[in-house]
Amino acid sequence: MTWTWRLEDSEGNPVDAGELAHSEFPSQSDAESWIGETWRELAGSGVDQVTLLEAGREVYGPMSLHPAD
């Protein structure tokens, strides 16, 4: 199975974050580690929230990339 992140703005519209938008992972753990390492860069590229997908099926999200108020 392939794990990916759907990168979105605050309204759920897709965001093109360049090279970061096309990352695929062999496991959920790898995908979650990657988001933990790159969320600041993604947020700086205009990504407000992400949704984790396994082979196109939503696993969870959207998850905000902004600090909780």
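Let's call a residue buried when its relative accessible area is under 20%. With that in hand, start at helix α1 of this predicted model, where A31, W34, I35, T38 and L42 are buried. Why would those positions go under together? An α-helix has 3.6 residues a turn, so residues three or four places apart point the same way. The cover over the buried residues of α1 includes β1, β2 and β3.

Now look along the helix itself. α1 covers residues 28–44, and at 1.5 Å a residue its 17 residues should span 24 Å; the end C-alpha atoms are 24 Å apart, which agrees. There is a bend to spot along the way, though: α1 turns by about 60 degrees at T38, and T38 is one of the buried residues listed above. Just after the helix, G46 has a positive phi of about 95 degrees.

Next comes the sheet. Four strands make an open sheet, in the order β2-β1-β3-β4, with antiparallel pairing. The edges belong to β2 and β4 (57–64), each of which has a single partner strand, so one side of each is left without a neighbour in the sheet. Inside that order, β1 and β3 pair in the antiparallel sense over six bridges. You can check the register by eye: R6 stands opposite T51 in β3, while L7 has V50 as its bridge partner there. On its other flank, β1 is joined to β2 by two bridges, again antiparallel, and W3 sits opposite F25 in β2. As for exposure, β1 is mostly covered, with five of its six residues buried. In a regular strand the side chains alternate between the two faces of the sheet.

So what fills the space between these pieces? The largest nonpolar core has 15 residues, and W5, L7, W34, L42, V47 and V50 touch the most other members. β1, α1 and β3 each supply at least two residues of this core, and α1 gives the largest share, four residues. V47 is a good one to click on: beyond its neighbours within four places in sequence, V47 is in contact with L7, E8, V15, A17, L42, L65 and H66.

Loops get a say too. L20 lies in the loop between β1 (3–8) and β2 (24–25). Is L20 buried or exposed? L20 is buried, because its relative accessible area is 15%, and the cut-off is under 20%. Setting aside neighbours within four places in sequence, its contacts are L7, W34, E41 and L42. Take L7 from that set: L20 and L7 are 13 residues apart in sequence, and their C-alpha atoms are 9.3 Å apart in space.

Finally, a charged residue worth a look. E54 has its place in strand β3 (residues 49–54), and with a relative accessible area of 18% E54 is buried. Which side chain does the side chain of E54 meet in a polar contact? That of R57, at 2.6 Å. Further off in sequence, beyond four places, E54 is in contact with M1, T2, W3 and V59. W3 is a residue you have already met, standing opposite F25 in β2.

Notes. Residues are numbered from 1 along each chain as its sequence is written. This is a predicted model: local features need pLDDT of at least 70, side-chain atom pairs count only at pLDDT 80 or more; totals for chains, interfaces and linings use all residues. Side-chain values use heavy atoms; hydrogens and water are left out. Buried means under 20% relative accessible area, exposed over 50%, partly exposed in between (1.4 Å probe, protein chains only). A polar contact is a pair of N or O atoms within 3.5 Å; within protein, one must be able to donate a hydrogen and the other to accept it, and residues adjacent in sequence count only if both atoms are side-chain atoms. Contact means heavy atoms within 4.5 Å. The expected span of a helix is 1.5 Å times one less than its number of residues. The bend at a residue is the angle between axes fitted to the seven residues ending there and the seven starting there. Two strands pair if DSSP finds at least two bridges between them. A nonpolar core is a set of buried Ala, Val, Leu, Ile, Met, Phe, Trp, Tyr and Cys residues joined through side-chain atoms within 4.5 Å.
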